[in-house]
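The following note is offered to a colleague who is meeting this structure for the first time. Its points are numbered so that each may be read against the structure shown here.

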Amino acid sequence: MRAPEGEKLLWVALDNGIYIPHLCGLREAERPAASCRLCFVEVEGLPNPVTACTLPVSEGMLVHTRTPRVDRLVRTGFELLLSNHRLRCGKCEKNKNCELQKIARERGLKLRLSRLRPLISEVPVDESPKTFKYDPGRCVLCGRCVWVDHHQAKVGAIGFIRRGISRKIAAFGDVPLAESRCTECGECVKVCPVGALAFKEK
Amino acid sequence: MSATGTIIQAYESLKKAAVIKVEALKQKPLVLVGTATCGRAAGALNVLQTFRDEISCRNLDVEVKEVGCIGHCYAEPVVIIAKPGFPALCYGSVDEGMAGRLVTDFLINDDPCYEFAMAALEPNDQFPTFADFPRGVYEKKIILADCGLIDPEDIDHYIAHDGYAALAKALSMGPAEVLEEIKNSKLRGRGGAGFPTGLKWEACRNASGDQKYVICNADEGDPGAFMDRAILESNPHQVLEGLIIAAYTVGAEQGYIYVRAEYPLAVTRIRTALEQARERHLLGESILGSNFNFDIKIFQGSGAFVCGEETALIASIEGFAGVPNHRPPYPAHAGLHSKPTVINNVKTLSYVPHIIRNGSDWFKSIGTPDSPGTAVFALAGKVVSTGLAEVLMGTTLRTLVYDVGNGIKEDKPFKAVQIGGPSGGCLPESALDLPIDFDSLQQAGAMMGSGGLVVLDEDDCMVEIARFFLDFTQKESCGKCTFCRLGTKQMLDILTEITEGRGKPEDIDLLWELAEDIKAGSLCGLGKTAPNPVLTTIRYFRHEYEAHIQEGRCPALMCKELISYAIIPEKCSKLCNVCIGSCPVEAIYTRDDMLKAIYLDKCVKCNSCMVACPPQYKAVVKVSPPIVERGGSQDEQLSNHNN
């Protein structure tokens, strides 16, 4: 397999038709967030699984995308995200076009909780923008929307607030998006891998 | 004259002035009051004021100085009196009354009040020294040696104790040679992970770029750990000297001390130290007349535990939220403002002047071959002599707990030590003879952490201890990565259910699996180590988890949901009524036969009656599993329970 020097393994694999689960990765971002912790692979010569989004490829590198350790980490990471994600796929705008569904399909994982406790807090959906809505209960905190808002749209309407389990994406002061500096350019909605940011049906 | 000669000469003139100043102090009686945070909490400021008032109203020619912490925190406020003609004596648990006595009896009348004294500081014919007690035998003080004995707000005290001699020596040696010395010393980072300091410095020194930074990490946040605070409050110049040498070695011109805003006294004392160092050309342009320029800024952190993680610390200084980033790149290659940066813990930097002054071979001769030097522990919990102890690496836990710490309070049986704070683990009795160093602790599933050591006895429930630390890490998780944000919360919820008696048999294995995955999957050190308390308690105390889940019983009688209070009729005096008065919810009543008993449905398990019941009766007991409530009173139920 050929790849440009220093390119991150995740993008090389995807370009060559090898699927590695991922949510937070953005090819254009200068520094990977490495926060979703789903793109684990094992590389021969490295003792532990590593995230593909942070690993520059090198000559002769031997990578396993499916090993028992990788599968176990991906399964746990995926289940943890599901424990904090309001499921009800049938009612979701992103149904059949959702990255979580894709990961479940590719890796044979179930879209329901078995081992873990549900950790979903019932937070209201922000319906204030005219063209889209934001449902924090579906957000997986991948941060793609924040990155495009800051670096591509250059609006700066949203960011991460709070910490730990309370961490969420919000406008400054946690006001509804319509009261923020959001211009409703829609760039953030386009990159959301799940149904947290979704265009309203016309 | 050569550049080296200028540096040495500049230092010698500083030292000469400092020695004259400090020697002058020794000509008259000197009172040193430990006013570090631990002393202040115990009332040292009132003691200080008493000494000042008494001495001034009696017109005595006595010098009173504030010093830092001598390490014997259990005996605070600690006062040292050095009067010519007497050995310097250390007094513990001094209050205003005792301070008055010391002034009239000792300072005026030459009676040293031996009945109040803890120990003498140097060998003499009249009174034992610290070295005559087990703690003094096993302690080997390097970085704590001057703490509590020198005035942290007067640079001359530090200089008179050979302070900044290492800096002068380093400036004469040249950076390459200093680096070799540190590498050869095998000094390992005292922040927790034990990474070789020399390698870190070398990576930064060799990294390309003209601008580099050094940072002192004083963001000490572990519950129960206070080593860095004590060092900064007691001997800030030692840290500054280490940081200046680090900067000189890697080629940095700007340094930072990242200290928590919750340590206001440490911040004040560092600020004073910086000003005094600048006045004496130990900081700023052309240090000691050399061509090396360097200055230090204080950055006050806002109390997020995760900011002790180096990438989060950097983000915080840069003005972003204190959230970690993926490593590599390591800060030594791309750190603050993407420039090569060395980040060292307070204690690591404190060793540097000693290594430069005494040579790396001296340092390697101390401790164990792979972890040379000493370890500083903050002894806390159920140990008699709490406080700061500096012991050789390789000292066993038994020595630390029983000799240095003087054993367990009330002579109760030892159960475990929690070592390394929320990133560390609980080690059982079988680990008591484990020689403590970075590697042995790692193998046992704990880690050195920053050095917190909490001693636990039979009254401490290991599931509850794990839950306590998970509660801490879960609240302190920044929330960036999946495993830490959601994984710690899942583990906390499971542990809470177990301590509340709602645990399920499969929970132990689930906890273990989750803990392993969170350790492997998390982004930064916080998440990677957060499962350690869970893993070690399951590994060494699985039977306690099983007792909670299978029998609804808390063996340590600690988990409130799993205990009941009861009054044993045979022990109750019938006549004293103290328990009734102590109960805030009127749950205790007098039976027809005058014995006391508890309404279980009213009892809020506040423990007041157990504390109140006079020791000659000890009639109040905790039982687990709890007595099943069938309404009514405890007495008939207790008999059912026992059957």
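1. In this predicted model, 13 residues of domain 3 of chain B are in contact with 15 residues of domain 4 of chain B. Between the C-alpha centres of these two domains of chain B the distance is 22 Å. On the side of domain 3 of chain B that touches domain 4 of chain B, β12 (414-419) and β13 (425-428) of chain B each contribute at least two residues. The most comes from β13(B), which gives four residues to that side. Sorted by class, that side of domain 3 of chain B holds eight nonpolar and five polar residues, and no charged residues.

2. The two domains just described belong to a longer series. Chain B is divided into domain 1 (21-130), domain 2 (163-364), domain 3 (374-457), domain 4 (462-551) and domain 5 (563-642).

3. Two helix pairs of chain B deserve attention, and the first is formed by α8 and α14. Helix α8 (residues 175-185) of chain B packs with helix α14 (residues 346-358) of chain B at an angle of about 105°, and their axes are 10 Å apart. The angle therefore makes α8(B) roughly perpendicular to α14(B). From α8(B) the contact draws on B:V178, B:E181, B:I182 and B:S185, and from α14(B) on B:V352, B:I355 and B:I356. Of the residues in this contact of α8(B) with α14(B), five are nonpolar, one is polar and one is charged.

4. The second pair consists of helix α10 (residues 227-234) and helix α12 (residues 264-279) of chain B, which pack at an angle of about 35° with their axes 8 Å apart. The crossing of α10(B) past α12(B) is left-handed. On the α10(B) side, B:R229, B:L232 and B:E233 make the contact, while α12(B) provides B:L265, B:A266, B:R269 and B:I270. This contact of α10(B) with α12(B) comprises four nonpolar and three charged residues, with no polar ones.

5. Where do the two chains meet, and how many residues does each give? The contact takes 24 residues from chain B and 26 residues from chain A. On the chain B side, α18 (462-476), α19 (482-499) and α20 (507-521) each supply at least two residues. The largest share of that side, eight residues, is from α19(B). By class, the side of chain B that touches chain A has nine nonpolar, nine polar and six charged residues.

6. Chain A has five helices and seven strands. Along the sequence these elements of chain A run in the order α-β-β-β-α-α-β-α-β-β-α-β. The radius of gyration of chain A is 18 Å, close to the 17 Å that the globule rule gives for 202 residues, so chain A is as compact as a globular protein of that length. Its C-alpha trace spans about 55 × 40 × 35 Å along the principal axes of chain A.

7. The domain assignment splits chain A into domain 1 (9-107) and domain 2 (132-199). Taken over C-alpha atoms, the centres of domain 1 of chain A and domain 2 of chain A are separated by 22 Å. Their contact involves 16 residues from domain 1 of chain A and eleven residues from domain 2 of chain A. On the side of domain 1 of chain A that touches domain 2 of chain A, ten residues are nonpolar, two are polar and four are charged.

Technical notes: Residues are numbered from 1 along each chain as its sequence is written. Chains are lettered from A and ligands numbered from 1 in the order in which they are written. This is a predicted model: local features need pLDDT of at least 70, side-chain atom pairs count only at pLDDT 80 or more; totals for chains, interfaces and linings use all residues. Axes are lines fitted to C-alpha atoms, for helices over the stretch in contact, and angles run from 0 to 180 degrees between N-to-C directions. Angles under 35 degrees count as roughly parallel, over 145 as roughly antiparallel, 65 to 115 as roughly perpendicular and the rest as oblique. Two residues are in contact if their C-beta atoms, placed from the backbone, lie within 7 Å. Ala, Val, Leu, Ile, Met, Phe, Trp, Tyr, Cys and Pro count as nonpolar, Asp, Glu, Lys and Arg as charged, and the others, Gly among them, as polar. Domain bounds come from an automatic or database domain assignment. A crossing is left-handed if the near helix is turned anticlockwise from the far one by less than a right angle, and right-handed if clockwise. The radius of gyration is taken over C-alpha atoms; the globule rule is 2.2 Å times the number of residues to the power 0.38.
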